[in-house]
2 protein chains.
Amino acid sequence: MSVLKSKAVILRGVGEYGVEEVTVDPPKAGEVRVKMAATGVCGSDLSAINANLAVIYPLVLGHEGAGVVESVGEGVTHLEPGDHVALSFVPFCGTCYVCEHQQPNLCRVGRSAPGTMLDGTIRIHKGDEDIFTLVQLGAMAEYIVAPVASVVKVDKAVPLDRAALVGCAIMTGVGAAINTAEVKPGSTVVVFGCGGVGLSIIQGAKIAGASKIIGVDLAENKLELAEKFGATDVINPEGKNIVKEIRKMTKGVGADYGFEAIGNSVVMGQAYNATREGGVFTAVGLGKPGTNLEINAYSLPLSGRTIKGSMYGSGNPPRDFPMLLDLYQVGKLNLDDMVTQRYSIDQVVDAFDDLKANANARGVIVFDEALK
Amino acid sequence: MSVLKSKAVILRGVGEYGVEEVTVDPPKAGEVRVKMAATGVCGSDLSAINANLAVIYPLVLGHEGAGVVESVGEGVTHLEPGDHVALSFVPFCGTCYVCEHQQPNLCRVGRSAPGTMLDGTIRIHKGDEDIFTLVQLGAMAEYIVAPVASVVKVDKAVPLDRAALVGCAIMTGVGAAINTAEVKPGSTVVVFGCGGVGLSIIQGAKIAGASKIIGVDLAENKLELAEKFGATDVINPEGKNIVKEIRKMTKGVGADYGFEAIGNSVVMGQAYNATREGGVFTAVGLGKPGTNLEINAYSLPLSGRTIKGSMYGSGNPPRDFPMLLDLYQVGKLNLDDMVTQRYSIDQVVDAFDDLKANANARGVIVFDEALK
């Protein structure tokens, strides 16, 4: 297997990113090299750009993608060149305490190797320069190398720009509703924040049979999207006592399930208080480091509420990615309308500008002209 | 049915309480009059005395008791004079949103009638003076009237001073472990605070099959009690980084289940952080009004932890009281050693002094000489 040339979106400092030409080594043992088809443009990439996520430079961005296996490293027996795969941004080791407790979404092995492959080495180079990769992926590139534990085979019938989405927004959002909160049929749900993840929570709640799903967002176009993806009610919180309003909309008691998909500790508090006594509030958005969610220590036990932190939708990618794409194929999960804009890799700055402007449900960089 | 004379422990102002002679009306429709056998001396009564719970004066104290039905009001068909009963401090209406959702422990109907019976009227008098009752019970009295929804029939084979305990400490603590947190066999557990409730959490965790149960308390005699009731390890947090210590004791990851049974927001934060990523922290103690539990808004989603507020052990008294007393009768639940001191009603000041001094697992006021 030879070294390949690839365009990649590289972050070199706070706010400094662009397309560069790199080389991509062959996969080592337990790795696969993937020809990328599509990669989603996610708020977490933007957090990396803005240094709201701890990152290491220079770094290939991108963590929500899908493509075609180009070659496999030693010991990889269940995948072969030509297989379609979606990427998981949490490789799981299978042997740590949380993996043994069936919580692979919390495996720390990937986090313990920031910027490198799991063995601490690097596959992406520019001349003599080593280039790090975001979460063992660096998916905003024509070719990537990933640990086999970060790659899930998917049905070839699913277009790869839609398969890409299951790797982050869909797993995170639908999973928060169906795996973490375990939304029940007939229940009431409120979702604060209707971006890619919030819309996916709404979809998850709808799939799980919720009877009332309230979308909350300051952006009117997000509220329209919320309705498209299954919200039965929407509300713009601007100038309102939003907790009171949600209670009014839910028989005076609050929602059975509340979600926060922004990562703002104040909004988390609102979503918690908009959840009824005995209900379940799920925190999905990552708050800014150093900020706290403040919970009244008297009413927490008295109200019998549950608060769940949801990491990666409490997902198990090899189990959940195919399940989610089955839901797509039978028409229960709307991925087609999630992709509201396609970009070439050279349009990456436009893609992030549109993300900042809340212009998309999800923007996707496509590397394969057939998907444009 | 006639008006009866009764001694009762009456609170007349902050810190002002003592035994007085009152009269007890016959039960109205949907009520029962109970000749009390035993009533536990609980931290919540002390909170009422100290005005850390909102109360109304003059008030009969006591909420954890058991006795014998003396007479029943109109429409009460499933109880008759002579039946043994334990008291629940949360009457459930059966028709509100949470009752319909099988969370009778959160029913607010009792809380909406503070100090009176559910119909807003009063059964206890001293001459012309009306006397309120704590949580529709006022169980520190020789005779009480209670709503039938606050009374559960129990097996006559169980001594009533032990049956009394299921009504608060046991339901709250064992229930927090088995109903709220749903502790799993083979798991690791840490309990902050080893008073009556904390010891009951330890017992619940043991019944549920936990393999390691760590008791945390500043009082050495509480740690000895913790071991007696099932803690496999105990630790005094004085001068220690207790979160680090608990992690060391639990394979470096933290406990699968953490509990706080004190009601101190700072200790709640310690118990939360001593719970592993992906684990469940249950807040049992009521924090002081106005204090907040502060949860890092970045690590909450990332760590995939769950926080559960546990009110009355997520209990359903008609289902759970008999179950708990079955566990007692088969030797799995130790109630005998819970009652470390018995008092007559005239010794109530000693009883509360001992409570303040952490002298007991549980002190109990007995009205029936046979129990002394």
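## A predicted two-chain model, by question

Colleague: Which loop of chain A holds Val135(A)?

Modeller: This is a predicted model. Take the two strands on either side of Val135(A). One is β8 (129–133), the other β9 (143–147). Val135(A) therefore lies in the loop between β8 and β9 of chain A.

Colleague: What is the phi of Val135(A), and is the value positive or negative?

Modeller: Most residues other than glycine have a negative phi. Val135(A) is not a glycine, yet the sign of its phi is positive. The value is near 45°.

Colleague: Is the peptide bond between Tyr57(A) and Pro58(A) cis or trans?

Modeller: Most peptide bonds are trans. Pro58(A) sits in the loop between α1 (43–49) and β4 (59–60) of chain A. Omega for the bond from Tyr57(A) to Pro58(A) is about -15°, and the bond is cis.

Colleague: And chain B: what is omega between Tyr57(B) and Pro58(B)?

Modeller: Look in the loop between α1 (43–49) and β4 (59–60) of chain B, the place of Pro58(B). A cis peptide bond joins Tyr57(B) to Pro58(B). Its omega is about -15°.

Colleague: In what order do the strands of the closed barrel run in chain A?

Modeller: The barrel has 5 strands, with mixed pairing. One of its pairs is β2 (residues 16–24) with β7 (residues 124–126), antiparallel and joined by 2 bridges. In that pair Val24(A) stands opposite Ile124(A). The full order is β1-β2-β7-β8-β4.

Colleague: In chain B, how many bridges pair β1 with β2?

Modeller: Chain B also has a barrel of 5 strands, in the order β1-β2-β7-β8-β4. There, β1 (residues 4–13) and β2 (residues 16–24) pair in the antiparallel sense. Leu11(B) stands opposite Tyr17(B) of β2(B). The number of bridges between β1 and β2 is 9.

Colleague: What area do chain A and chain B bury between them?

Modeller: Start with the residues in contact: 44 come from chain A and 44 from chain B. Of the area they bury, 58% is on carbon and sulfur atoms. The total is about 3700 Å².

Colleague: Which residue of chain A forms a salt bridge with Arg108(B)?

Modeller: The interface has 4 salt bridges. A pair counts if the nitrogen and the carboxyl oxygen are within 4 Å. For Arg108(B) and its partner, the closest N and O atoms are 2.7 Å apart. That partner is Glu277(A).

Colleague: Which element gives the largest share of the side of chain A that touches chain B?

Modeller: Between the chains, 21 residue pairs are in polar contact. On chain A, the elements giving two or more residues include α7 (265–273), β15 (275–283) and β16 (292–296). The largest share is 5 residues, and it comes from β16(A).

Colleague: How many residues on that side of chain A are charged?

Modeller: Split the residues by class. There are 19 nonpolar and 15 polar ones. The charged residues number 10.

Colleague: Which residue of chain B stands opposite Lys308(A)?

Modeller: Here strands pair across the two chains: β17(A) and β17 of chain B (residues 306–309) run antiparallel, joined by 3 bridges. Lys308(A) faces a residue in β17(B). That residue is Thr306(B).

Colleague: What relation links chain A to chain B?

Modeller: A rotation of 180° with 0.0 Å of shift along its axis superposes chain A on chain B, with RMSD 0.0 Å. That is the relation of a two-fold axis. Also, 100% of the interface residues of chain A are interface residues in chain B, so the copies meet through the same surface. The relation, again, is that of a two-fold axis.

How values were computed: Residues numbered from 1 in each chain as written. Chains lettered and ligands numbered in written order. Predicted model: local features only at pLDDT ≥ 70, side-chain atom pairs only at ≥ 80, totals over all residues. Heavy atoms only, no water. Contact = heavy atoms within 4.5 Å. Buried area = accessible area lost by both parts, 1.4 Å probe. Salt bridge = Lys/Arg side-chain N within 4 Å of Asp/Glu carboxyl O. Polar contact = N/O pair within 3.5 Å; in protein donor to acceptor, adjacent residues only side chain to side chain. Helix = DSSP H or I, 4+ residues; strand = E, 2+ residues; numbered from the N terminus. Nonpolar A, V, L, I, M, F, W, Y, C, P; charged D, E, K, R; others polar. Pairing = 2+ DSSP bridges. Least-squares fit on C-alpha atoms with pLDDT ≥ 70 in both.
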